[in-house]
Amino acid sequence: MGFDLLEPRTVAEAVELHARDGNAVFLAGGTALLILQRQGLPLPRRLISLRGIPGLDEITAGPGGGLRIGALATLRQVERHPLVVRRVPLLAEALRQVANVRVRHTATLGGNLAHGDYRLDPPAPLLVLGAQVRAVGIGGEREIALAAFFRGLFETALQPGEVVTELAIPPTPPSGGTYLKYALSSNDWPCVGAAALVALDDHGRCREVRLALTAVAAAPVLVRGLDELARGEPVSDRLAARLADIAAAQVEPVGDQRGSEWYKREMARVFARRALLAAARRAEAGPVGDGTKEPVA
Amino acid sequence: MTRTGEGRDARAVGRSVPRVDGAEKVTGRAAYVTDCVVPGMLHAALLRSPLPHARIRRIDAGRAATHPGVSAVVTGADLVQMPGLDPYFGPAFQDQAILAIDKVRFVGDPVAAVAAATREAAREAAQLIEVEYEELSAVLDVQAALRAGAPLVHERLRPSQAFADLMGIEAERQTNVCYHFKLRRGDVERAFAEAAHVFEDTYTSPAAQHAPLEPHVTVAWVTEGGLLHVTSSTQSPSYVRLSLARIFGLPLSKVRVTVPYLGGGYGAKTYDKLEPVTALLALRTRRPVKLQLTREEEFVTIHKHAVTTRIRTGVAADGRLLAREVAVYWDSGAYADIAPRVVHKSGYTAAGPYAIPNVKIDSYCVYTNRPPAGAFRGFGVPQVVWAYESQTDAIATRLGLDPVAYRRAHLLREGDLFATGTPMRSLAVIECLDAVAREIEWGSGLAGSSPPAPEVREAGVPRRVLRGKGVAVGIKAALAPSISGATVMLNADGSASVLSSTVEMGQGSDTLLAQIVAEALGVRVPDVQVVHPDTAVTPYDTITAATRSTFHMGNAVLQAAARVREQLFAIASDRLEVDPDLLRARDGRVFVAEAEDRGLTIPEVFGAAFQAAGTTLVGEAVYQTSAIPTDHETGQSERVTVMWFVGASAAEVEVDLETGQVRVLRFATAADVGRPINPHHCRQQILGSAVTSIGQTLFECLHFEGGQLTNGSFLDYMIAGYRDVPPIITPIIVERAHPEGPYGAKGVGETGALSVAAAIGNAVHAALGVRLRDLPLTPERVLQAMREREPARAARRGQVERGPG
Amino acid sequence: MEAMERQIRLTVNGQEHELTIRDNTLLLWLLRDDLKLVGTREGCGTGVCGACTVLLDGRPVNSCLTLAAQAAGHHVTTIEGLATNGRLHPVQEAYIEERGFQCAFCTSGFIMMTKALLDEIPNPSEEEVREYLSENICRCAGYPDILRAVQNASRKLAARGR
């Protein structure tokens with residue numbers, strides 16, 4: 001079925017176009033939309049392409065060691081960008097595991113988040129990095145914490161007509177991070193994805209522990225209540241296992257061909273624990289973040 | 001690894017000569033049916049059933065017919081009104097209508113077809129067709145289909161007359177069993193009574209899809225002279241010609257089927273698929289019509305049988321196999337396709353290549369309201385090997401015997417009788433087993449279960465794993481009777497052409513046939529052109545499948561080339577005044593064996609015979625094998641086949657104790673290829689089928705809900721990719737020359753697929769002490785089996801894992 | 001429902017084209033149907049198999065998930081654009097030498113991916129090859145031969161000073 005492609009040159013124009021046709025949909029990289037179309041989901045009459053808007057794909061240093069990533073930056077651009085590799089290697093590591101190089105050259109970070117698919121990898125690392133989404137709508141601009149962004153299955157906090165324009169990643173404390181993608185075959189969607197960030201104090205005790213899981217609920221899960229247990233504790237298998245139990249209690253998996261509800265919950269536990277331990281190991285080896293040395297490759 | 005004749009010598013066979021299709025294929029210029037464009041061509045689309053079983057009450061195609069660009073809309077109701085048309089087809093039973101008549105039988109059954117100016121117009125119009133269904137209760141699996149009083153998928157059946165081995169088949173009346181193969185040898189019940197141990201298990205193997213990267217595609221048109229020309233992605237051009245001639249009431253000469261390169265087949269493209277409906281649209285519109293399936297449609301067109309195997313074995317105290325009773329249930333889906341032959345041929349091997357005096361086999365072909373199942377690389381054998389090789393391993397383990405030694409002791413040897421009563425010939429199964437066992441260092445370190453491994457850390461990620469090794473063997477028989485015809489033309493300049501209906505689908509048949517002709521006529525491989533199947537000029541061939549082309553077409557081409565050589569030598573012997581028996585052909589020359597400088601170049605020989613340039617010498621041959629049909633009640637036959645092919649696999653696996661995920665660390669697979677014509681291509685076939693089978697063992701599986709396929713796209717159907725290939729994987733060529741094979745060759749297309757799943761399953765057992773009986777070996781199944789079987793140990797292990805350090 | 005039409009300029013294999021396309025035309029079909037460059041093939045239509053890989057400004061993309069309109073003004077390289085003056089590209093030669101293909105329906109995609117990989121990483125490790133080519137499906141499963149072809153091509157390009 002046909003559609004018309006509108007190509008605004010500014011964000012304001014894009015938002016304005018949507019105001020004129022509320023059924024229109026924003027198109028970033030387009031990979032997800034074109035797949036949905038193929039799967040029989042009727043696309044609206046008008047697609048508003050954001051690709052022609054200059055400057056929306058820039059990646060720049062934020063204040064104090066943070067980062068700003070334009071929503072239209074492709075996953076591959078982000079993954080390979082020296083600032084990303086240096087400041088948030090966790091994100092680069094996760095993006096390397098998304099789909100394939102071709103998709104990553106086309107799909108954008110903003111589009112990925114706005115899509116809201118519960119099985120996507122990038123939300124997990126971005127959740128533990130405390131990212132903020134900047135969105136622009138007809139009523140103006142606002143910032144949404146990523147932790148409040150994912151609402152449910154293909155449901156986000158974006159209002160109709162709002163466009164994601166930028167992602168801000170605040171400075172991270174000196175820490176180690178990792179993203180583990182567990183899939184049943186090398187090219188499959190994750191059965192579980194786990195991102196962890198662990199910051200240690202000078203005595204090697206936990207200062208801060210963050211963990212996010214994907215594919216185990218209708219939306220990505222930022223696990224809560226870990227610091228209460230972990231702060232001041234030395235890293236141990238026992239601690240990791242207890243934290244993983246907390247994580248497993250917060251997921252609400254839906255059984256699918258990649259695992260029953262039982263199995264996915266079990267794997268959430270397993271990969272939460274593994275990710276925490278691996279992140280802690282990296283934090284011990286050479287933390288990354290705010291004013292610290294560069295990561296060990 | 002056996003290295004055969006890869007040194008530098010003048011021979012064309014036995015060497016890994018480069019592929020003759022290389023330049024075409026790396027430039028993207030190799031033409032597939034999908035690239036075929038005929039002037040004035042229309043595009044077709046199908047409307048498919050959304051229900052698994054329903055009566056068609058009414059179809060309204062009015063809106064579709066008037067949609068812009070539409071030339072024709074055809075439904076099942078139209079078919080029955082077309083004079084001279086027989087709308088039913090199928091290689092075993094003519095049970096499939098070109099478009100559903102009266103009833104639909106699976107979700108995806110074609111109901112109507114549209115031809116229009118563009119793909120989009122055709123697809124849009126198909127969606128405008130309104131169909132009113134009366135839903136019928138459906139049988140969605142074998143169990144439901146076999147229940148007394150179950151709804152019938154087919155009320156009537158008509159056997160096809162295309163193949164000798166299938167002409168006599170009879171369906172069980174008023175049931176969904178469309179074919180029941182029986183084998184009875186010895187007295188199974190008495191033997192069970194005498195057995196010291198009886199093993200009884202049920203194994204299952206799921207539906208899987210071939211997923212050739214090129215989906216099914218057909219282009220058809222009718223010439224002014226009344227010739228129906230069909231170019232199609234088919235592995236069986238001769239059969240398709242026959243089928244179309246019968247459907248449309250045309251002489252065979254008026255149906256021309258051509259096949260360019262195939263983008264993979266693996267059994268999916270055997271027999272008639274899109275050809276009847278595309279030809280119908282071409283005849284209706286008098287325009288060329290192209291029908292190409294989408295990837296999603298491909299998934300509901302044909303698949304590998306889901307199989308349940310109940311296997312019971314009686315064993316003497318010393319380990320001798322006294323009796324084996326096997327019941328195999330094949331979910332054939334809504335249409336039989338070639339399933340009865342699958343059920344027969346795999347059925348009679350279901351007890352394995354072992355010396356067992358008492359055997360009882362029942363193999364049931366069952367209709368269900370699922371998409372049709374048919375031939376898939378291995379033709380049902382991998383499913384039964386999974387059962388008998390898992391159980392054979394369980395027997396050895398239970399008796400405390402080494403699984404390799406146990407198999408060696410009981411495998412059939414030359415001259416022994418198979419379960420069918422057929423004497424075994426040219427059977428290197430023990431050599432294959434030994435080769436793979438050696439390759440994975442069987443007996444060193446962890447032949448069986450290893451002690452619990454210490455926690456391993458990869459990039460700081462802790463994992464607790466166990467490792468184990470396993471082996472399995474497999475046997476399959478070449479299809480018999482079976483026929484291949486070929487024509488070889490030698491040109492005056494020393495180049496040659498081969499006319500053959502063998503389809504080049506990646507296996508390297510063009511190169512292989514060129515090698516055989518080059519060897520026989522003493523010409524260069526690159527100077528031999530293999531003409532792709534064109535039923536107007538290439539002779540009948542049963543099919544490109546079933547590991548049969550090297551043996552059958554190889555023989556036909558070799559004999560045809562020999563007839564050319566006779567003519568060549570006859571001419572040369574006159575000129576050289578020497579007995580033709582003393583002549584040889586090599587390097588483009590004919591010469592006297594004992595005096596090589598006494599000879600003529602090929603152009604000189606032609607010059608002696610013909611007073612014109614560019615002339616040809618032609619040789620033809622038909623190679624035909626025969627078989628004695630298996631007895632209807634006992635399945636016995638002194639000759640079920642002319643060629644057995646055997647292989648073995650060995651795996652070393654690592655199982656993650658927390659996730660249940662199985663990783664294959666090392667894999668070896670050996671195939672008895674007779675003598676390799678092109679060793680590298682043999683290894684590619686062995687390795688390729690092994691990798692695909694590893695995927696099917698670990699994760700490939702079609703998921704259905706209420707008859708609806710739920711993972712029918714590449715986004716959700718898992719296929720082995722680069723990183724699923726084991727870090728060490730070794731294809732091994734084992735050579736036991738076949739006395740009737742061309743240059744001693746057998747075939748190798750499927751051998752590597754037969755025993756893979758069982759080898760991996762046995763390795764998992766060696767690692768965990770847990771035997772999995774259902775494929776694929778998903779991590780969840782493995783984890784569950786570990787916990788169910790050994791709750792106490794699992795709990796202990798859990799505690800250990802959470803302990804400090 | 002017909003989509004809007006537009007005029008675009010597109011450089012394909014070094015040659016500039018002015019084309020009239022519909023907004024919903026995929027780059028894959030523009031190449032195959034309009035420009036008759038049929039070496040780029042559809043395998044899955046969902047960006048997974050890689051058979052339709054082309055280079056867009058030197059970067060590999062799925063032409064089945066790229067709108068032709070999105071490629072307007074850019075440079076597209078297809079398998080037909082690799083050979084120069086009838087001479088095969090070193091990557092193509094390497095695939096022949098190592099037999100990195102069987103049915104070859106996937107081969108154009110593999111070769112384009114290999115070119116992109118070696119442009120980016122001239123001397124990739126085995127792991128880098130596996131990662132880069134991880135989602136190109138070869139259902140004949142000739143992966144080890146393909147790996148050798150990539151390594152062979154890397155050596156060839158190095159020897160020719162790229």
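How far apart do the C-alpha centres of domain 2 of chain A and domain 3 of chain A lie? The separation is 20 Å, in a predicted model where local features need pLDDT of at least 70, side-chain atom pairs count only at pLDDT 80 or more, and totals for chains, interfaces and linings use all residues. Residues are numbered from 1 along each chain as its sequence is written, while chains are lettered from A and ligands numbered from 1 in the order in which they are written.

Chain A is assigned domain 1 (4-48), domain 2 (59-169) and domain 3 (176-285), with bounds that come from an automatic or database domain assignment. Between domain 2 and domain 3 of chain A, 18 residues of the former are in contact with 22 of the latter (contact: C-beta atoms, placed from the backbone, within 7 Å). On the domain 2 side, helix H5 (89-95), helix H8 (123-128) and strand S8 (150-152) of chain A each supply at least two residues; here helices (H or I, at least four residues) and strands (E, at least two) are DSSP runs, numbered from the N terminus. H8(A) gives the most to this side, with five residues. By class, the side of domain 2 that touches domain 3 has twelve nonpolar, two polar and four charged residues (Ala, Val, Leu, Ile, Met, Phe, Trp, Tyr, Cys and Pro count as nonpolar, Asp, Glu, Lys and Arg as charged, and the others, Gly among them, as polar).

Chain B is likewise divided, into domain 1 (22-30 + 482-625), domain 2 (33-138 + 212-298) and domain 3 (303-479 + 631-799). The C-alpha centres of domain 1 and domain 3 of chain B are separated by 39 Å, and their contact takes 19 residues from domain 1 and 20 residues from domain 3. On the domain 1 side, helix H14 (509-521) and helix H15 (549-576) of chain B are the elements that give two or more residues, and H15(B) gives the most, with six. That side divides into six nonpolar, twelve polar and one charged residue.

Turning to the sheet, seven strands of chain B form an open sheet with mixed pairing, in the order S3-S7-S1-S14-S11-S12-S13 (two strands pair if DSSP finds at least two bridges between them). Strand S3 (70-75) and strand S13 (255-258) of chain B are the edge strands, each pairing on one side only. Within this chain, strand S11 (residues 217-222) and strand S14 (residues 289-292) pair in the antiparallel sense over four bridges, and B:Thr218 has B:Leu291 in S14(B) as its bridge partner.

Helix packing offers another view of chain B. Helix H11 (residues 381-398) and helix H12 (residues 403-410) of chain B pack with their axes 9 Å apart, at an angle of about 110 degrees; axes are lines fitted to C-alpha atoms, for helices over the stretch in contact, and angles run from 0 to 180 degrees between N-to-C directions. H11(B) and H12(B) are therefore roughly perpendicular to each other (angles of 65 to 115 degrees). B:Thr392, B:Asp393, B:Ala396 and B:Thr397 in H11(B) meet B:Pro403, B:Tyr406 and B:Arg407 in H12(B), a set that divides into three nonpolar, two polar and two charged residues.

Between chains, 24 residues of chain C are in contact with 20 residues of chain A. Strand S4 (59-62) and helix H2 (68-71) of chain C are the elements that give two or more residues to the chain C side, where S4(C) gives the most, with four.

How values were computed:
Contact = placed C-beta atoms within 7 Å. Parallel < 35°, antiparallel > 145°, perpendicular 65-115°, else oblique.
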